[in-house]
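Student: I would like to practise reading helix packing and cysteine pairing from a model. Can we work through one case?

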Amino acid sequence: MKKHQKIMLGVNVCVISAIFLLNYFYQQNGFDFTLKCVCSGGFALLGAANLIYALTTKQNEKRFYIGMALGLFLAFLGDVLIRYDFIVGAATFALGHVCLVIAYCFIQKIKPLDLIISGVLFVGAAAFLMLCPLLTFDDPVFRVVCIIYALIISLMLGKAAGNLINSKNTVTGIIAAASSLFFFSDLMLVFDWFIGLWNWTDHACMGTYYPALCLLAFSMILKAAANKKKTE
């Protein structure tokens, strides 16, 4: 491994470690909004740094790195906006997920298996959102927003799982793990916002959210390193 690759891997590990530590203090301090912005800004900056590295080292399929970095930035923006308006924040997150799904498609084109997995996930998520008696939506539009969001996050996880099944390697494995954590985190967010019976759901949400985003950012540098290794 070349020196610049080791440096970038070291930067990723250090930034991710800092985000994990700050995430702990964020939750211990009553989900302080400033700390949340710092944590989210960390993974957005890491995505930007990994994108710059990919572009400067002339990686193949630059659209993957662009899509990933844009998805990470929109997740950061969604973290900020959802504090002020749920629908605007959720729409920003959804757009970020779309960018991530598109990025996954540059690893492998969409295959029938991806759609089958995504469909099964969405049917389960939609049934839960429409039929669970514990859910309480003050405004009916919130339920619609959640169902649309469920479709997008199901596509994200379904595509990641399909990529892993069709091509088992470190990058697809990390992306599939990150997408699974993201799906679970969003489920916990629904529990916290629209059921609100348990005091652990917000911790479960954020405890899996930041690892998911950090793994997605880390997958970018791992893919770049793997590509450079193939060409050497």
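Tutor: We take a helix pair and then the cysteines, bearing in mind that this is a predicted model.

Student: At what angle do helix H3 and helix H4 pack, and how far apart are their axes?

Tutor: H3 spans residues 62-81 and H4 spans residues 86-105. They pack at an angle of about 165°, with axes 8 Å apart. Angles over 145 degrees count as roughly antiparallel, and H3 and H4 are therefore roughly antiparallel to each other.

Student: What is the handedness of the crossing of H3 and H4?

Tutor: The crossing is left-handed. On the H3 side the contact includes Phe64, Gly67, Met68, Gly71, Leu74 and Gly78. On the H4 side, Val88, Gly89, Phe93, Gly96, Cys99 and Ala103 are among the residues that take part.

Student: How is the contact of H3 with H4 made up by class?

Tutor: It has 14 nonpolar, six polar and one charged residues.

Student: Now the cysteines. How many disulfides does a search of the whole structure find?

Tutor: In general, a disulfide is a covalent bond between the sulfur atoms of two cysteines. Here the search of the whole structure finds zero.

Student: Why is Cys132 without a bond to another cysteine?

Tutor: The closest cysteine sulfur, in Cys146, is 12 Å from that of Cys132, which is too far for a bond. The cut-off for a disulfide is 2.5 Å between sulfur atoms. Cys214 is in no disulfide either, with its nearest cysteine sulfur, that of Cys39, 8.4 Å away.

Student: Is Cys132 buried or exposed, and what about Cys214?

Tutor: Cys132 is buried, at a relative accessible area of 16%. Cys214 also counts as buried, with 1% relative accessibility.

Note on methods. Residues are numbered from 1 along each chain as its sequence is written. This is a predicted model: local features need pLDDT of at least 70, side-chain atom pairs count only at pLDDT 80 or more; totals for chains, interfaces and linings use all residues. Side-chain values use heavy atoms; hydrogens and water are left out. Axes are lines fitted to C-alpha atoms, for helices over the stretch in contact, and angles run from 0 to 180 degrees between N-to-C directions. Helices (H or I, at least four residues) and strands (E, at least two) are DSSP runs, numbered from the N terminus. Angles under 35 degrees count as roughly parallel, over 145 as roughly antiparallel, 65 to 115 as roughly perpendicular and the rest as oblique. A crossing is left-handed if the near helix is turned anticlockwise from the far one by less than a right angle, and right-handed if clockwise. Contact means heavy atoms within 4.5 Å. Ala, Val, Leu, Ile, Met, Phe, Trp, Tyr, Cys and Pro count as nonpolar, Asp, Glu, Lys and Arg as charged, and the others, Gly among them, as polar. Buried means under 20% relative accessible area, exposed over 50%, partly exposed in between (1.4 Å probe, protein chains only).
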